[in-house]
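Here are some remarks on the model, set out as numbered points. They go from the chain as a whole to single elements and residues.

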Amino acid sequence: MLNANIPAGPLKNKWTSHKSKIKLVNPANKRKYNIIVVGTGLAGASAAASLSELGYKARVFCIQDSPRRAHSIAAQGGINAAKNYPNDGDSIDRLFHDTIKGGDFRSREANVYRLAEISNHIIDQCVAQGVPFAREYSGYLDNRSFGGAQVSRTFYARGQTGQQLLLGAYSALMKEVAAGNIELHSRTEMLDLVVIDGVARGIITRNLVNGEIESHAGDAVVLATGGYSNCFYLSTNAKVCNVTAAWRAHKKGAFFANPCFTQIHPTCIPVHGDYQSKLTLMSESLRNDGRVWVPKNKEDKRAPNAIPENDRYYYLEEKYPSFGNLVPRDLASRNAKYVCDEGRGVGATGQAVYLDFSDAIKRSGRKTIEERYGNLFDMYQRITNVNPYKDPMMIYPALHYTMGGLWVDYNLMSNLPGLFVIGEANFSDHGANRLGASALMQGLADGYFILPYTIGHYLARRAAGQMDTSPKAFRDAEQEAKERTELFLSIKGSRSVDEFHRELGRLCWDKCGMSRNEAGLKQALEEISKIRDEFWKSVKVPGSGDDLNQSLERAGRVADFLEFSQTMVWDALHRKESCGGHFREESQTAEGEALRDDENFCYVAAWEFRGVDKEPVLHKEKLDFEEVELAQRNYK
Ligand SMILES: Cc1cc2nc3c(=O)[nH]c(=O)nc-3n(C[C@H](O)[C@H](O)[C@H](O)COP(=O)(O)OP(=O)(O)OC[C@H]3O[C@@H](n4cnc5c(N)ncnc54)[C@H](O)[C@@H]3O)c2cc1C
């Protein structure tokens with residue numbers, strides 16, 4: 001059993017008492033420590049800025065040309081906090097309970113309580129930075145509702161919350177860069193982690209502009225490299241999102257936790273063709289006012305506005321009257337699949353449902369709806385050429401977020417001393433299903449408020465200045481990275497990297513997507529091996545390794561997805577229960593809801609790498625619930 005190092009004492013005091021007991025680094029000594037932070041999304045940028053403000057030196061890496069182009073910038077809907085400004089009964093306790101229940105009781109209670117506790121500080125921090133959250137007439141910050149909650153606790157900046165939050169974190173980061181406390185390496189990709197005597201000591205990077213491979217040593221390494229939804233090829237994530245950093249760390253000994261816990265978001269623009277490379281999210285906030293429906297009659301091919309009220313099936317409102325259209329994402333997604341599988345789906349492919357704003361426009365007026373969601377409506381119209389003020393949107397579920405990630409303890413340190421993992425890259429606080437607007441909350445909690453304390457506890461026990469890149473482990477890892485690059489370029493096959501990625505993605509979606517079963521998962525394991533073998537025989541990577549070469553970059557990332565995806569499938573295969581986003585067809589209630597098996601699966605599954613194509617070793621972290629009573633989730 002893995003030890004998560006959860007502090008003793010009552011749940012509500014754990015974080016406060018932990019902070020007052022953990023070791024501190026003397027202010028004058030902080031500048032002697034150099035911390036490597038990989039990733040400049042909300043988690044990485046907030047962490048690097050906070051560490052630097054505390055006095056540590058940091059080196060920060062990201063793939064994009066600017067830190068503020070990290071994928072976090074795409075977040076639309078909002079960020080949760082238990083401020084209770086609308087006075088509708090919210091509290092830290094309620095946010096905690098909603099998150100635990102939303103995650104289908106597969107998250108660590110102590111972490112989730114801490115997250116709820118910190119949520120309010122995040123809002124204060126961001127307001128102080130000048131993040132322009134929406135305000136109501138009184139001047140208070142406005143709130144709206146998201147799935148899985150019966151209070152309004154989501155703070156937002158129109159449909160651009162991630163962008164505004166990232167500009168705040170980016171400004172804090174760049175202030176420290178300008179002050180000379182942070183060294184920034186953009187357009188630089190981490191290709192490996194260097195571990196010496198079981199301790200994370202540095203990273204190997206490739207300069208994406210000139211191809212140079214370099215070693216960087218540090219006193220600690222922080223990975224904030226985001227999630228792996230792009231394993232499925234089509235997802236709402238930016239094209240550049242990948243699993244490489246986490247997977248390389250895994251291959252060097254870091255455990256990968258709950259990789260099969262992936263989130264499929266119910267409101268995305270449906271797939272429209274074979275050569276599409278990305279899917280577009282329509283924020284969950286739209287379910288505040290949009291009503292989801294399909295025609296009652298499968299043969300009904302009338303235009304949506306010609307279908308009268310009585311002939312419409314508002315399936316979420318009917319099945320889940322207390323939460324209606326605001327059920328959690330896993331339920332909304334699965335139910336969209338069910339109605340489409342029954343033949344009620346709409347649009348050219350039959351793989352879509354309506355999201356209809358006509359009632360909301362009648363009730364509140366077009367101007368109000370425009371103020372709330374204007375940019376999302378514009379985006380929808382630009383992509384589909386349909387005006388959602390007049391006709392309902394068409395939506396379908398798509399891969400969106402990954403609850404799985406590298407295993408970390410309460411201090412956000414992996415099982416490898418010196419390797420910390422934050423934001424979407426860790427296995428996070430969201431259990432088997434994340435509630436909307438809580439990823440931004442977790443990334444910023446990790447970066448602004450947790451890591452800056454807990455990393456000190458680790459550093460205080462180590463001598464500062466571990467900057468030596470001469471050990472052989474660095475040379476070996478550099479050599480391996482160079483050889484791999486050369487290998488990609490030398491294959492000179494006939495199939496593009498994207499072709500393999502698309503094939504892998506389709507397989508993962510079919511066999512390890514919205515629902516999974518034993519036979520399909522076993523088949524996926526075999527087919528992934530075949531695709532991977534074929535990849536190494538016939539991939540074509542044009543160009544050279546000495547300059548900007550996006551095919552080469554993608555080849556590395558897809559090669560890692562081709563290894564990682566098997567671990568995801570192994571995890572899905574072993575977890576015979578259904579929970580949250582992981583729906584095993586063999587384990588469902590009579591009503592088709594996910595059926596957990598608390599007796600056998602109430603644990604975090606953390607996998608240890610044993611070689612490509614070899615089943616990894618399972619380590620379990622038992623989940624103990626002191627405060628919460630485990631129950632079948634009910635949103636009816
Ligand atoms: C369309 C969309 C809308 C969303 N809306 C919301 C919302 O409204 N509310 C909410 O709470 N959540 C939302 N989410 C989820 C949320 O945006 C993400 O979970 C969160 O932003 C992840 O932040 P992060 O800092 O962990 O990672 P990211 O923002 O993904 O940043 C990853 C960073 O790591 C770097 N990186 C990655 N690999 C490497 C490597 N090998 N070497 C060097 N650098 C590397 C990247 O360059 C980048 O800087 C949304 C997600 C999507 C896709």
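1. Helices and strands are here DSSP runs, of at least four residues for a helix (H or I) and at least two for a strand (E), numbered from the N terminus. On that basis Ala437 falls in the loop between β17 (419-421) and α12. Although Ala437 is not a glycine, its phi is positive, at about 70°. Ala437 counts as buried because 28 other C-beta atoms lie within 10 Å, where 20 or more are needed.

2. The model is a predicted one, and the overall figures for the chain may be taken next. The secondary structure comes to 17 helices and 21 strands, and the C-alpha atoms fill a box of roughly 75 × 60 × 50 Å along the principal axes. The radius of gyration is 24 Å, which agrees with the value near 26 Å that a compact globule of 636 residues would have. Of the 636 residues, 54% count as buried. Among contacts between residues at least 6 apart in sequence, 74% join residues at least 24 apart.

3. The ligand is surrounded by 45 residues, and the closest are Gly39, Gly41, Ser72, Gly226 and Gly423. By class, this shell is made up of 20 nonpolar, 23 polar and 2 charged residues. At least two residues of the shell come from each of α3 (42-54), α6 (161-178), β6 (188-196), α7 (244-251), β15 and α12 (439-459).

4. Which helix departs from the span of a straight one, and where is its kink centred? Helix α11 (residues 366-384) spans only 20 Å between its end C-alpha atoms, whereas a straight helix of 19 residues would span 27 Å at 1.5 Å a residue. A kink of about 85° is present in α11, and Tyr373 is at its centre. Tyr373 is also one of the buried residues of this helix, together with Ile369, Arg372, Leu376, Phe377 and Tyr380. The buried residues of α11 pack against α10 (358-364) and β15 (393-402). After α11 comes Asn385, which has a positive phi near 65°.

5. Helix α6 can be examined in the light of the same rule. Its 18 residues should span 26 Å at 1.5 Å a residue, and the end C-alpha atoms are 26 Å apart, which agrees. The buried residues of α6 include Leu165, Leu166, Ala169, Tyr170 and Leu173. An α-helix has 3.6 residues a turn, so residues three or four places apart point the same way. The buried residues of α6 pack against α3, β3 (79-80), α5 (109-129), β5 (182-185) and α12. Just after the helix, Gly180 takes a positive phi of about 85°.

6. Are the residues leading into α6, Gly159 and Gln160, buried or partly exposed? Gly159, found in the loop between β4 (154-155) and α6, counts as buried because 24 other C-beta atoms lie within 10 Å. Gln160, found in the loop between β4 and α6 as well, counts as partly exposed because it has 19 C-beta neighbours inside 10 Å; the cut-off for a buried residue is 20 or more.

7. The contacts of these loop residues lead back to the kinked helix. Leaving aside neighbours within four places in sequence, Gly159 is in contact with Gln76, Gly77, Ser283, Tyr373, Asn375 and Leu376, and Tyr373 is the residue on which the kink of α11 is centred. With the same neighbours left aside, Gln160 is in contact with Gln76 and Asn375. Gln160 and Leu376 are 216 residues apart in sequence, but their C-alpha atoms are 9.2 Å apart in space. For Gly159 and Ala74, 85 residues apart in sequence, the C-alpha to C-alpha distance is 9.3 Å.

8. Leu399 lies in strand β15, against which buried residues of α11 pack. Leu399 counts as buried because 28 other C-beta atoms lie within 10 Å. Not counting residues up to four places away in sequence, Leu399 touches Ser229, Phe232, Leu234, Ser235, Thr262 and Ile264.

9. A further backbone point concerns Phe105, which is in the loop between α4 (92-102) and α5. Phe105 is not a glycine, yet its phi is positive, at about 60°. With 23 C-beta neighbours inside 10 Å, Phe105 counts as buried.

How values were computed
Residues are numbered from 1 along each chain as its sequence is written. This is a predicted model: local features need pLDDT of at least 70, side-chain atom pairs count only at pLDDT 80 or more; totals for chains, interfaces and linings use all residues. The expected span of a helix is 1.5 Å times one less than its number of residues. The bend at a residue is the angle between axes fitted to the seven residues ending there and the seven starting there. A residue is buried if 20 or more other C-beta atoms lie within 10 Å of its own, exposed if 12 or fewer, and partly exposed in between; C-beta atoms are placed from the backbone. Two residues are in contact if their C-beta atoms, placed from the backbone, lie within 7 Å. The radius of gyration is taken over C-alpha atoms; the globule rule is 2.2 Å times the number of residues to the power 0.38. A residue is near a molecule or strand if its C-beta atom, placed from the backbone, lies within 6 Å of it. Ala, Val, Leu, Ile, Met, Phe, Trp, Tyr, Cys and Pro count as nonpolar, Asp, Glu, Lys and Arg as charged, and the others, Gly among them, as polar.
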